[in-house]
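User: Could you take a close look at one part of this model for me, the place where the two chains meet? Feel free to follow the elements involved into whatever else they line.

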Amino acid sequence: MYTAEVSRSNPALFVFLVDQSLSMSDMMADPDTAQPKKDFVADAINRLLSDLSIRCAKEDGIRDYFHVALIGYGREINPAFGGALAGKGVVPIGEVATNPARIEDRSKKVPDGAGGLVEMKIKFPVWLDPVSDGGTPMSRALTLARSIVAAWLDEHPGCFPPVVLNLTDGEPTDGDPAGPARAIRELASTDGNVLLFNLHVSSNPGPAVKFPDSDAALPNQHAKALFSMSSVLPPIMLAYTRQLGYAVTEDSRSFVFNGGAEDIVKFIDIGTRPDLR
Amino acid sequence: MSRPTVCTFRLPKRNAPWPEYEDDSGWLRSKRETLSDDDPRFLRVVVTDGASESMLAGRWARHLVAVFLRAPEDLATKDGFAAAYQRAVHAWPDEVASYRREREERNTPVQWYLEPGLAKGAYATLLVAEFRCAADGRGAQWRAAAVGDSSLFQTRGDQLLRSFPFEKSTAFGNQPALLRSHGTDAAALAGNLRFDAGDLAPGDILLLATDALSAWILKSSEEGDRQWQALSGFNAGDRPGFVRLIAGLRERGELKNDDTTLVRVNAG
């Protein structure tokens, strides 16, 4: 299980659910980040879409190994791509790569080879703009994700199991999401059950709990609920998580609570790492 | 050894068209300037496997074959191999410039998502083998150098005599040593470079193959099922048989779905 070839004839699906509620305008807990949570999460998603595009790029163009859906939930629940992709649901990565809403010129600090850092100009494609407005309708967002994944599985029954990554900072405001989460995890391809990743983004300075194998260290019912909604990491992703320096066991869940900046980036990276062929 | 004969067999990975084939191979039969008049029989074979994760991998593989086939150096030495590799690295920017020009001419200039891959460079394995003997056909030998997991097998009748650079099928993994288009420091190259040599007897068959088929040959030999012997028997007219064999092995999950190249040398 979780070993299906990812290829153009058997592509993988990633569904991102991005919390766009009002509280996402609060600052990240990490003082080094100095960004509202909505900005940091949008940057992380944009960087991920850029990385996926680069991973699928060959000299003759982009190979559609991946398809991506990007859903924002706050005042409304809608596809969150900007620009030419606005309103689109599942989009092949080649179409994503060739249609960013805009390409910004940004600078990045890189080692100068003499122990210091030097600023380098980079192109930064943007598909998702930060939004924070309204409540946290997580249950309805998960229900929408389920319908997207179910339709995908009808057409791709042998695919690497779709991965749904939910990035949120707060408690749901539309009821218990446990049922919709279970409905997602119960879907399956012939290669295994659909994976649900949950990332809780922090604006509190408390300790982060990363890929836990029990809910014992989690501080409240909300955190324990997110833990129980999250899939157990399959072996291929478990190995990669370990490689990134996290202490994990075979029972570790695809869940980070109170995650800081580095955890957000790594969490997304782990969730989008099936093997390419 | 009389005049050795060479046959090449290739098959792209399943569901991939030929333009995406990222292995390459070539052979050259000539008297090198460095050989004395007493050594008129000479054959050099080069096999490469471009790493699919890298940009322009197929072009880098073809570039390596072109440079190594015509290298005047003794490639079965560290210095000779390093000199040929450095020449390939120095000529690579012209290849990248050609690629950019081709894209411009097709009105599809290089986009932002291609730049990181081009900056990182292309990667490939490389195997070079040389066969030679004295004018009277005596003292026939092979010598080989390799970076990565493209392999050479020396067979005699139904025996697999030698395997280079690996002796066990379990040695094949997902991260072979690779030659990088942007250069590698001398210490790293020396650490990855392997050499071997052996004597040839009349009728010996040498099989040179990229990793998927190489791993299968060793596994087949280890399990004593002798399936690998089918490869020794293939001649130029047997290409459909090669395609059937590889497709069947892939279908049964016995061979990794990867570009597959086999160069068969009959020592004569």
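Analyst: Here's a walk through the contact between the chains, then the pocket and the cavity, and finally two backbone spots.

Keep in mind that this is a predicted model. Starting with the head count, 19 residues of chain A are in contact with 17 residues of chain B. Together the two chains bury about 1,400 Å², and carbon and sulfur atoms account for 54% of that. On the chain A side, three residues stand out: A:Ile54, A:Lys58 and A:Glu59 supply 41% of the area that chain A buries against chain B, more than any other three residues.

Now the polar side of the contact. There are 3 salt bridges across the interface of chain A and chain B. One of the salt bridges in the model joins the side chains of A:Arg8 and B:Glu20, with N to O at 2.5 Å. Counting polar contacts between the chains gives 8 residue pairs, with both residues at pLDDT 80 or more.

Which elements of chain A supply at least two residues each to the side that touches chain B? They are helix H1 (37–55), strand S2 (57–58), strand S3 (61–62) and helix H2 (93–98). H1(A) has the largest share of that side, at 3 residues. Sorted by class, the side of chain A that touches chain B holds 8 nonpolar, 5 polar and 6 charged residues.

H1 of chain A is a handy thread to pull, so to speak, and the second largest pocket is the next stop. Its volume is about 620 Å³. Of the 18 residues in the lining of this pocket, A:Arg47, A:Ser107, A:Lys108, A:Ile122 and A:Phe124 are the closest to its centre. Both chains have a hand in the lining: at least two residues each come from H1, strand S7 (102–111) and strand S8 (117–126) of chain A, and from helix H3 (115–120) of chain B. S8(A) gives the most, with 6 residues. As for chemistry, the lining of the second largest pocket divides into 10 charged, 6 nonpolar and 2 polar residues.

H1 of chain A turns up again in the lining of the largest cavity. The model has 1 cavity of 30 Å³ or more, and the volume of the largest cavity is about 40 Å³. Residues lining the largest cavity include A:Val18, A:Asp19, A:Met24, A:Lys38, A:Val41, A:Ala42 and A:Leu128. Strand S1 (12–19) and H1 of chain A are the elements that give two or more residues to this lining, with H1(A) taking the largest share at 3 residues. By class, the lining of the largest cavity has 7 nonpolar, 1 polar and 3 charged residues.

Two backbone details are worth a glance while you have the model open. Most residues other than glycine have a negative phi, and most peptide bonds are trans. In chain B, the peptide bond from B:Phe164 to B:Pro165 is cis, with omega near 10°. B:Pro165 sits in the loop between strand S7 (159–164) and strand S8 (179–180) of chain B. In chain A, A:Phe211 has a positive phi, near 45°, and is not a glycine. You'll find A:Phe211 in the loop between strand S13 (209–210) and helix H5 (221–229) of chain A.

To tie it together, H1(A) supplies residues to the side of chain A that touches chain B, to the lining of the second largest pocket and to the lining of the largest cavity.

Conventions. Residues numbered from 1 in each chain as written. Chains lettered and ligands numbered in written order. Predicted model: local features only at pLDDT ≥ 70, side-chain atom pairs only at ≥ 80, totals over all residues. Heavy atoms only, no water. Contact = heavy atoms within 4.5 Å. Buried area = accessible area lost by both parts, 1.4 Å probe. Salt bridge = Lys/Arg side-chain N within 4 Å of Asp/Glu carboxyl O. Polar contact = N/O pair within 3.5 Å; in protein donor to acceptor, adjacent residues only side chain to side chain. Helix = DSSP H or I, 4+ residues; strand = E, 2+ residues; numbered from the N terminus. Nonpolar A, V, L, I, M, F, W, Y, C, P; charged D, E, K, R; others polar. 1 Å grid on protein atoms, 1.4 Å probe; cavity = no way out; pocket = protein on both sides within 12 Å on 5 of 7 lines; lining within 4 Å. Points joined across faces, edges and corners; volume = space filled by probe spheres on them.
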